Amino acid sequence: MQEYGTQIVAGISPGKGGITVNGVPVYDTVSEAHESHEANASIVFVPAPFAAEATFEALEAGIKTVVVITEHVPVKDAVELMSYAKLMDAKIVGPNTPGVITPGKCKVGIMPANVFAAGNVGVASRSGTLTYEIAASLTRTGIGQSTCLGVGGDPVTGINFIDSLKIFREDPQTKAVVLIGEIGGNIEELAAQYILEENYPKPVVAYIAGRSAPVGKRMGHAGAIVMGKAGTAESKIAALEAAGVRVAQNPSGIANLLAQLQGTE
Amino acid sequence: MQGVVFFLKLYEHEAKTIIATYGVPTPKSEVVTTEAQAREVAVRLALPVVVKAQVLVAGRGKAGGILFAKTPEEAEDAAKKLLGSQIKGLTVEKVLVEEKLPVKRELYFGITVDRLNRCYIAVVSDLGGVDIEEVAQSQPQKIYKQLINPELGFRSFHARRIAKGLGYAGDQMSALADILEKAYKANVDVDAELLEMNPLVETQKGEFVAADARIILDDNALFRHEEYRLKQLQEERDFSPEEFEALKNGLDYVMLEGDIGVVGNGAGLVMATLDMINLYGGKPANFLDLGGGASLQRIEAAFKILLLNPHVKVLFVNILGGITLCDEVARGIIQAQTQFGSSKPLVIRLVGTNEAKGRRILAQADLPVFDSMEEAAKKAVQLAGEMS
């Protein structure tokens with residue numbers, strides 16, 4: 001992240017306060033760090049059993065954007081976190097996310113920076129490496145990204161697709177949006193509803209992973225499961241298409257759909 | 001990366017043991033593994049009894065997994081019929097012998113997670129004893145939902161409101177409300193993703209008893225429930241032998257029906273790989289996610305699991321390495337090939353961190369590498385097709 005230009009002012013690692021890593025001072029607590037340094041964001045890499053604790057600490061100290069990279073955060077903890085974040089008027093990205101990147105400006109996450117390029121397509125995704133796959137394909141095609149938001153693979157997350165659509169709506173740099181979804185839950189269907197109801201002013205394209213997933217088996221992500229009839233790829237694709245969202249058959253199809261859009265402008 | 005595990009579905013008898021601990025009334029019952037035991041239990045319980053297959057599928061009643069017995073002999077026969085049989089693809093290894101309740105009314109009460117609202121939700125219906133998802137589709141007005149505010153939790157007044165809504169008053173209202181509250185407490189304490197009582201029965205006497213219970217534990221919370229973490233490793237439950245092996249090795253694996261073994265880094269990427277194989281006319285044999293930053297050992301273990309499936313004809317590795325190192329993956333592949341001596345064709349797509357190093361390692365072993373996921377998928381499908 002430092003190499004990319006992100007200004008990391010402090011690190012927190014209980015028990016390791018006092019050392020310096022790569023020129024960054026380390027503290028035992030967030031409040032100590034916050035006393036000496038101004039920060040408006042935090043990124044949490046803490047293992048799952050303690051990730052909620054670390055995030056609560058950051059929120060309590062007044063950090064307004066917390067990116068939780070950690071996978072396997074218990075649902076109960078996530079529910080409590082989201083509630084407290086709301087109380088503190090803060091945003092959580094994740095958990096189980098690769099983070100956020102605004103290519104050319106800032107990276108708060110673990111994504112490989114070299115597949116991204118600055119541009120004007122906003123990307124919101126439930127996946128990690130699938131996002132890189134699609135970003136790489138866009139970059140290769142000369143289509144850059146304004147900001148990529150990893151909403152994460154868990155059932156309970158901070159910002160979701162609808163929040164992402166709102167953010168991209170307000171962002172002058174974003175001219176089109178890509179949603180990378182997957183089976184499980186109904187957040188894509190709700191995003192489709194939002195797009196329809198709001199007459200969303202920017203073009204949206206999507207890719208939904210998991211068409212081949214069987215019912216009742218979870219495909220990796222805690223949130224990726226089809227229960228009964230709910231959460232199928234078909235249902236998401238149908239809802240999105242009904243809202244005017246073009247859905248790609250393959251990850252590389254996203255670049256084609258966007259190129260077509262650019263062609264018609 | 002911590003050990004990846006699957007969520008833990010509990011058997012009916014396990015779920016009932018849990019809620020009973022919290023004070024929810026459940027029918028008198030015992031779980032048994034032989035028909036002789038079933039008979040013994042039926043002698044001790046009040047007849048008639050119900051003999052219920054303990055299998056981790058919904059709709060076992062319709063599938064013949066629930067039988068009634070008026071005598072101990074009938075209970076023995078019922079158990080004999082069920083034990084060893086298959087209900088929806090799962091073998092019945094134990095049955096629950098339970099006192100049959102004199103039912104007046106069947107209710108539904110469940111607690112699960114509402115993703116959009118980021119909190120738990122209580123779901124209630126007076127159409128209990130049937131598939132709640134069907135009710136939600138065909139008669140949505142029969143379902144009452146209440147979001148559970150994380151600050152407040154599910155309190156006695158919430159429970160009373162629901163009990164009243166179901167038409168109860170006075171002592172019955174209090175009794176039912178008490179049970180709902182206790183069910184909620186159980187849900188919270190055990191870190192359940194789902195807790196259901198369907199049906200929650202009102203007996204002829206006006207008492208409330210959970211005739212069936214279902215709990216799915218959040219496996220991400222098993223680190224704080226040692227008893228259940230160990231339970232998960234003790235029996236296959238609804239996993240195939242390969243899935244169970246993967247579970248024990250901390251690998252995220254789902255068995256499918258095809259012949260192209262797939263492994264990749266990242267659940268979304270792997271799902272997309274499976275979709276792509278299908279699109280090109282092939283059939284994936286499995287889902288297998290290495291997760292991020294996989295070690296040599298992990299990759300070896302992954303290959304081992306892939307090769308356990310006798311239907312696999314071709315192996316397809318799809319790596320887009322961010323924190324996952326391409327050279328580590330390459331070494332893992334070589335090691336696995338050496339160890340397991342597989343002659344099955346290997347299609348490798350390897351891009352990302354340390355890509356050049358990784359490809360050099362594979363080139364030395366004469367293993368070609370693809371740049372493009374699409375090209376690699378097409379090749380894998382072609383090879384599998386040639387081998388049919």
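Biologist: What makes E2(B) and strand E7 (residues 95-99) of chain B a pair?

Modeller: Two strands pair if DSSP finds at least two bridges between them; E2(B) and E7(B), which run antiparallel, are joined by four, and they therefore count as a pair. One place to look is Ser29(B), which stands opposite Glu98(B) in E7(B). Bear in mind that this is a predicted model, in which local features need pLDDT of at least 70 and side-chain atom pairs count only at pLDDT 80 or more, whereas totals for chains, interfaces and linings use all residues. Residues are numbered from 1 along each chain as its sequence is written, while chains are lettered from A and ligands numbered from 1 in the order in which they are written.

Biologist: Why are E2 and E4 of chain B called edge strands?

Modeller: The open sheet has four strands, in the order E2-E7-E3-E4 of chain B, with antiparallel pairing. Strand E2 (29-32) and strand E4 (66-69) of chain B each pair on one side only, as edge strands do. From one strand to the next the twist averages 20 degrees. The strand labels, like the helix labels, are DSSP runs numbered from the N terminus, with at least two residues (E) for a strand and at least four (H or I) for a helix; counted in this way, chain B has 13 helices and 19 strands.

Biologist: What makes the peptide bond from Leu47(B) to Pro48(B) cis or trans?

Modeller: Omega is the value to look at, and here omega is near 0 degrees, which goes with a cis bond. Pro48(B) is placed in the loop between helix H2 (35-44) and strand E3 (49-53) of chain B. A cis peptide bond also joins Asn198(B) and Pro199(B), with omega about 10 degrees, but Pro199(B) lies within a strand, E11 (residues 192-203) of chain B.

Biologist: Why is Asn199(A) called exposed, and how does Asn354(B) count?

Modeller: A residue is buried if 20 or more other C-beta atoms, placed from the backbone, lie within 10 Å of its own, exposed if 12 or fewer do, and partly exposed in between. Asn199(A) has 7 and is therefore exposed, whereas Asn354(B) has 17 and so counts as partly exposed. Each has a positive phi although it is not glycine, near 50 degrees for Asn199(A) and near 60 degrees for Asn354(B). Asn199(A) sits in the loop between helix H6 (187-197) and strand E12 (204-209) of chain A, and Asn354(B) in the loop between strand E18 (346-352) and helix H12 (355-364) of chain B.

Biologist: How do you know whether the faces of strand E7 (residues 99-102) of chain A are covered or open?

Modeller: Both faces are covered, since Gly99(A) and Ile101(A) on one side and Val100(A) and Thr102(A) on the other are all buried. E7(A) is joined by four antiparallel bridges to strand E8 (residues 106-109) of chain A, where Lys107(A) is the bridge partner of Ile101(A). These two strands form a hairpin with three residues between them, and Gly104(A) in the turn has a positive phi of about 90 degrees. E7(A) also has two bridges to strand E10 (residues 145-150) of chain A, again antiparallel, with Val100(A) opposite Leu149(A).

Biologist: What makes H9(B) parallel, perpendicular or oblique to H13(B)?

Modeller: The axes of helix H9 (residues 267-279) and helix H13 (residues 373-386) of chain B come within 9 Å and cross at roughly 55 degrees. Axes are lines fitted to C-alpha atoms, for helices over the stretch in contact, and angles run from 0 to 180 degrees between N-to-C directions. Under 35 degrees is roughly parallel, over 145 roughly antiparallel, 65 to 115 roughly perpendicular and the rest oblique, so H9(B) is oblique to H13(B).

Biologist: How do you know which residues make the contact of H9(B) with H13(B)?

Modeller: Two residues are in contact if their C-beta atoms, placed from the backbone, lie within 7 Å. Here the contact is made by Thr273(B), Met276(B) and Ile277(B) of H9(B), with Met373(B), Glu374(B), Ala377(B), Ala380(B) and Val381(B) of H13(B).

Biologist: What makes up the side of chain A that touches chain B?

Modeller: In total, 48 residues of chain A are in contact with 46 of chain B. Helices H2 (48-60), H3 (75-87), H4 (129-140) and H6 of chain A each give two or more residues to that side, and the largest share, six residues, comes from H3(A).
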